[in-house]
Every structure is written in C-alpha cells, then in structure tokens.
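Q: Could you teach me how to read the features of a protein model, going slowly from one to the next?

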Amino acid sequence: MSKKVYEFDFRGRKLIVENGEMAKQANGAVLVRYGDTVVLSTSVVSNNANILADFFPLMVLYNEKLYSVGKIPGGFIKREGRPTENATLAARMIDRPMRPLFPDGFRNEVQIVNTVLSVDQDNSPEMTALFGSSLATCISEIPFDGPIAGVKVGRVNGEFIINPTPAQLEISDIDLTVAGTKEAINMVESSAKQVSEEVMLEALMFGHEAVKELISFQEEIINDIGKEKMEYEVLEISEELKNEVESLSKDKLDEALRIKDKLEKYAAIDAIKESIVEKYTLENEDKLKESELNELITKVKLVLEKVEYEIFRKIVVKEHTRADGRAMDEIRPLSTDIDILPRTHGSALFTRGQTQSLSVTTLGALGEHQILDGLSPEDEKRFMLHYNFPAFSVGETGRYGAPGRREIGHGALGEKALLQVIPSEEEFPYTIRVVSEILESNGSSSQASICAGCMSLMAAGVPIKAPVAGIAMGLITDGDDYTILTDIQGMEDHLGDMDFKVAGTKDGICALQMDIKIKGITKQILKEALEQAKKARMQILDVITAQIPEPRKEVSKYAPKTISFMIKPEKIKDVIGRGGDTITNIILEASNVKSVNDVNAVKVDLEDDGKVIIYHNDMEVINKTKEMIENIVREPEIGKMYTVKVLNVESFGAFVELWPGCEGLIHVSQLSDERVKDPHDVIKTGDILVAQAIEFDKKGKINLSLRSDPFKKSKKEDKEKRKDND
C-alpha cells in the first residue's frame, strides 16, 4: 500500500496523519505529527481467542524515548528501562476511554503500542498518542466501537484553551483531560485550583466540542483506508442453560445482595455460585471431556455474573435502595484520628465505612526532592503522594512487590488533589512526602487517601491553603432511567456504570477522575454528579476540620527545623570550598559527627541564587551552622570598629582574627599614635583589641589600625605628597 498523508488544521495547529510507510505488518498503524511532536501508534490483534477467559486481554503501552527530547538516559545503563510514572499514567489514560468500546465477548488479545519519537512540549505527546491509538485501531480489522479522541483544556484569565502550552498551564487554573466519542464523554482527568462545579462542567463541555472535531477527522481517514472488521469467536450460551441457572440462583443471589456487611455479603454470593458450579461439575464430569466440561462451567459462571449484575441494578434503579440500606446521597459512617504514630512527622487515620487509610507525612530537605528522568521539562518535584494497596486490605492473599498501574494511578490522583493546597517552596522550604497505607477497602480508597493525607499534612505542621476532601460517585443506568450514587462501595463500582471521583476544598474542585463502562454520559448526569459530590464533600470537610481545624503552627519535634538566608552568589564557592572541604568541615563541626552521612548531620542546601537553607532537629545546631557560614561570607566594612584577637606578632606588625575564618593585619605604623620601633613592645599574642578596618590590600586582605585617627596623614606623608604635586 502506498503512503497516504492526511492533514487537518486543529485550532490553529497542524495535525498530520501518515499511513502506509511505517510498521506495515501491524494490523493498524499511523504516524501522527502534531506540530513537532511525532508518535507512532500501532494496534495488533492475535489470531486466536481464549473464549473461556473472564476478561478482555487489552494491553496499552506508551513508550517514552528520551531521544525524542534530545536526552541520554540517566544512571549506569544508558537505555530506557521500566516505564516512568508519567508513561504509566499516559498508558492508563489511553486504556480507560478505549476499553469500554470493544465488544462484549471479544477475547482476542489486543496490544496498542505508542512510541514517542519526537516531542514538542507545546504539543502534547499524550493527546497525540490517544488520537493515534484510536485511529490505528479503527483502520484495522479489530472490532472497536470508536473512534474516540481526547484534548486538554486550560483556563487563562477566564478563557478556555484547547491543548494549552506548558507556559499557559503555568498560569491556568484548570488542567483538564477529557476524552470521549462523538456522542458523549467517557473519561475525565483533571487538577484545578479550587474552581467551581459550574466552571468545571463548562470546561468539560468545551473540551467535548473539540473532541468531536478530532473524531470527524478520524472518520474521514477511516472511510478512506479502514479495513473490514474481523469475525471473532464468541462463547455461545443456550437459552435453556441461561434459564436453568437463573432459576437456581436468582432468589438466593437477591437475598445475598441485600446483606449489608461486605465480607458476609461476598461470602454468601461466593457460596451460592460455588454450589451451583459444583452441581454442574458433579453432574457432567463423567459425561463430558475435560475441555467440554471447562466450557460448560465457564458458561455457568458467566450466567451467574449476569444474574448478579441484573439483580443489583434492579435493586438500585427500580427499588431505589442500596444494598447497605443507605440513601442514594448518603455517605457511609466517618471516623478520624491523628497522631497515631509517635515518631513520624505527621499521621492520620481516616475511615469511611469499610474503607480505611492510614496516611503519614514526612518532611525533608529540599535536596531530597524526587529527580524525574522523562520527556517533560520538569526534572524534579518536592511533593509526592504514594499509595499502597496490600491484599490484606480486602481480606485476601496476593502479590507483593513494585507498585502496579492501579497504585501509581491512585497515588497520582491524590497527589494532584493535595498539590493544589501545598505551600510554595518560599513559604515552606521542605520536600514533602505523603504515604497512604490502605488498611481496609470497600470502594473509594483513593479518596480516603486524600482525606487522610490532608489531615496528616496539617498534623505535620504543613501550612496548606485549605483542607481537602474527596468522594467517589457512581451511576447505575437502566435504559433512560439512571441513579447517581454518593460514596460508592466496591460492588457498586464493580457492577455500576461509572466511577467519578471528585476532590476539593470548600471553595472548589482540586481534582477529578472519571471512568465509565458504558459508551458515554450526558451533560445532565455530569451536572447532577458534581452537585451531589459537592454536598458530600462539604460533609466530609466538616468531619476533618472537627478533628484538626487548621495546620499546626510548629512542625514535629522529630521533623527537621529549618532557617534560610541569602548570601552573595559569588560566595557560594567559598562556602563549598575546594572539593567540598569547607562545607564538609562545617557540617562535621556544627553537628559534632564524624560523617556527613550520619543521621544526626545537619543538612545544608545551597542554591544558585545565593539562598542557603539549613535543616536539623536541633535549632542550636542550625544556628551554629548559620554562624559558621556567615563568618565565611562576611566581609569587613571600611571604617568599622572590630574586636580582634592577636594571632601572631612580627617585626612589621601583628596578624589578628576578626572572626573565625577572617584574618587581617595591623601594620607597625598603625599600632599607635606614637612611633613604634618594635611591635613586641606594645602588643603580644592573645591580646584582645578594638581596631578599625581601614583598607583592603592588593590580595583582598583587610588592614586595620589602632590609631585614634588612622585616616589622618602624618607630617612626613603630607610633605611627600606636596613634593609629588610640585
């Protein structure tokens, strides 16, 4: 197939799609150019399907290549390794709006790979990859109910902007990603500087209009080069088996789904399903081959899942009740506590129903910030939120190791929410890390992390701008009927149509995330969900502020104290010294330790602009360190009187110490108003004198005087000066 090129002027920027030249063996491949950003998106499907699998095997990758921004990877191994957090989040952002649009029952493995080849920071590679992923899949033979597209939305001076540049985002009060089909929005990700629900809804709709433009461009390309969709194998279930399994399970599952306690409910549901599966196994294990029996059991399980799904939705939508008896807009019981851990810098426990987060805040020196090695121009960050989800939190055994995509995603959402209220580096010169340990989970654990994290920050004495709380909203649809749920539990998330997380302060929204399992949701549903979420957020904030009304005025006695001051930038090298000797000696002497790596060693951050920040648990050590640094950078002032100590007496004068690290000379001619023949006659080592600084010599050393008027010329000097003038 010959190369084809398609161009589209998208809001004043060129969007170019190339097909037919690269990656021709993939089922679908497009090279997308957005400004100077270039992404190769490919979509591949396996020939065989595992129709007995209970999930759709979709893998989305976002491969960052550091050559795309002219960087060589850091570390010892100079090649790209495991994905960065940004790459993981970008892959999730593409997966989330695409996954619901693959057909039910489709079980062929699909891999969508985005290779970032060139990055122009003004043109988002993530949005380019989302566009390319949709288009590569749509032009392939892979069944997919797309296309989809996504855009970023910013707001500068009250004006909405599509795909804002990094410079615009710096001054924007919204950083919103919205994706969807032509008909509706189906994915949202946002951080915001406490904006109102009305503004956020307007931003969502503004973004969706731009999404429609990108989809129209995709449709033109699909109509031109799109392949016929493949036939695929689906597990067929007879009506007879459906009716039989339903009659065996319906009443029992209906009863089990109304049990309020999570573990008791799940145990009852599992027992019903296991008994029915066991019945079909025992009845057919001697009649069917192993493969046939496995297929039958899979069908039985699928029918049981469908029965459970339909009963659950009937209970919520038709009967307008929830399994735990709550009203649709009711939050589960809340409880809070702080200072759980005696030696940490700040700790808090937040419990909402059967979801519980223990969050811990740690304060460190600015030099302990996280270093980022990715495509973004940002190369460090001083605030981090890490989310851990151990298997015991849901009463199960499971894998332990490096954080997975879900943990990274939930941590990033909590970080976005709390980042909006974190004080600036100038206001609070610390690196801040919050860790959320999920101890129990029954839905909305990411939002519990935000609530617990907020309290732990305040308990640690971080002067946040305002308390933040988060809530997860759900949606159950039945035709045109729908019900919005506040504070969804795990089952309401699993069997529902939407997981819409909203976090913010009393003044507005700080973060949003929405995923849905249907094709999209309307503006009216979004509006109602935001309003309902605001009401819940206010209730939670009341509980949080009842526990801790405001940030503590002082940091923990176990947290490093800090002071900062300015020195002349050119003096930094003097503080550091040759090979770092001077600063090392300062740290060792001030801290009274033998190694700078000792946990009790004072930390000193020296910034290029001359800012010095000192950290230690003991203010006495901090003050001593400051004094030692100030002594190095301090400069004598001509005409000023100094109390000096005589270090050494020579025939030409005396060497004196103004302060540690600063020495000067009192010449023999400046030792007295009277003529001095031998300095030893009037001065000795160890004497404490008051001398006046009079000049710097050619080497920059200070000269001092003990004369009553050192600047007055002697008769001899006046005579010589008149002679020179004549």
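**Reading the model step by step**

A: Let us begin with one residue, Phe696, which has its place in strand β28 (residues 688-696). Helices (H or I, at least four residues) and strands (E, at least two) are DSSP runs, numbered from the N terminus. The model is a predicted one, in which local features need pLDDT of at least 70 and side-chain atom pairs count only at pLDDT 80 or more, while totals for chains, interfaces and linings use all residues. Residues are numbered from 1 along each chain as its sequence is written, and side-chain values use heavy atoms, with hydrogens and water left out.

Q: Is Phe696 buried, partly exposed or exposed?
A: Buried means under 20% relative accessible area, exposed means over 50%, and partly exposed lies in between (1.4 Å probe, protein chains only). Phe696 has a relative accessibility of 40%, and therefore counts as partly exposed.

Q: Which residues make a nonpolar surface patch with Phe696?
A: Patches are made of residues with over 30% relative accessible area and no salt bridge, where like charges are joined within 9 Å and nonpolar side chains (Val, Leu, Ile, Met, Phe, Trp, Tyr) within 5 Å. The accessible areas come from the Shrake-Rupley method with a 1.4 Å probe, and for residues only the protein chains shown count as cover. Here Ile638 and Phe711 join Phe696 in a nonpolar surface patch of about 290 Å².

Q: How many helices and strands does the protein chain have, and what does the C-alpha trace span along its principal axes?
A: The protein chain has 15 helices and 29 strands, and its C-alpha trace spans about 125 × 60 × 50 Å along the principal axes. The radius of gyration is taken over C-alpha atoms, and the globule rule is 2.2 Å times the number of residues to the power 0.38. For a compact globule of 726 residues the radius would be near 27 Å, but the protein chain has 35 Å. Of its 726 residues, 52% count as buried.

Q: Where is Asn114 placed, and what separates its C-alpha atom from that of Ile666?
A: Asn114 belongs to strand β6 (residues 108-118), and with a relative accessible area of 0% this Asn114 is buried. Although Asn114 and Ile666 are 552 residues apart along the chain, the separation to read in space is the one between their C-alpha atoms, which is 74 Å.

Q: How many aromatic pairs does a search of the whole structure find?
A: A pair of aromatic rings is described by the distance of the centres and the angle of the planes. Rings of Phe, Tyr and Trp (its six-membered ring) pair if their centres lie within 6.5 Å; planes under 30 degrees apart count as stacked, over 60 as edge-to-face and the rest as tilted. The search of the whole structure finds 13 aromatic pairs. One of them is the stacked pair of Phe8 and Phe10, with 6.1 Å from centre to centre and 25° between the planes. The rings of Phe428 and Tyr430 have centres 4.5 Å apart and planes at 40°, so this pair is tilted. Both Phe428 and Tyr430 are buried. In addition, ring pairs link Phe56, Phe102, Phe106, Phe144 and Tyr232 into a cluster.

Q: Which residue lies over the face of Phe389?
A: A charge sits over a ring if NZ of Lys or CZ of Arg is within 6 Å of the ring centre and within 35 degrees of the ring normal. Arg406 lies over the face of Phe389, at 4.2 Å from the ring centre, and Lys626 lies over the face of Phe565, at 5.4 Å from the ring centre.

Q: How many salt bridges does the structure hold?
A: Side chains of opposite charge can pair when their charged atoms come close. A salt bridge is a side-chain nitrogen of Lys or Arg within 4 Å of a carboxyl oxygen of Asp or Glu. The structure holds 46 salt bridges, among them the one between Lys227 and Glu141, whose closest N and O atoms are 3.6 Å apart.

Q: Why does the pair of Lys227 and Glu141 tie together parts that are apart in sequence?
A: Lys227 lies in the loop between α4 (197-225) and α5 (239-257), and Glu141 in the loop between α2 (125-138) and β7 (149-156), so the pair ties together parts that are 86 residues apart in sequence. Lys227 is partly exposed at 40% relative accessibility, and Glu141 is partly exposed with a relative accessible area of 21%.
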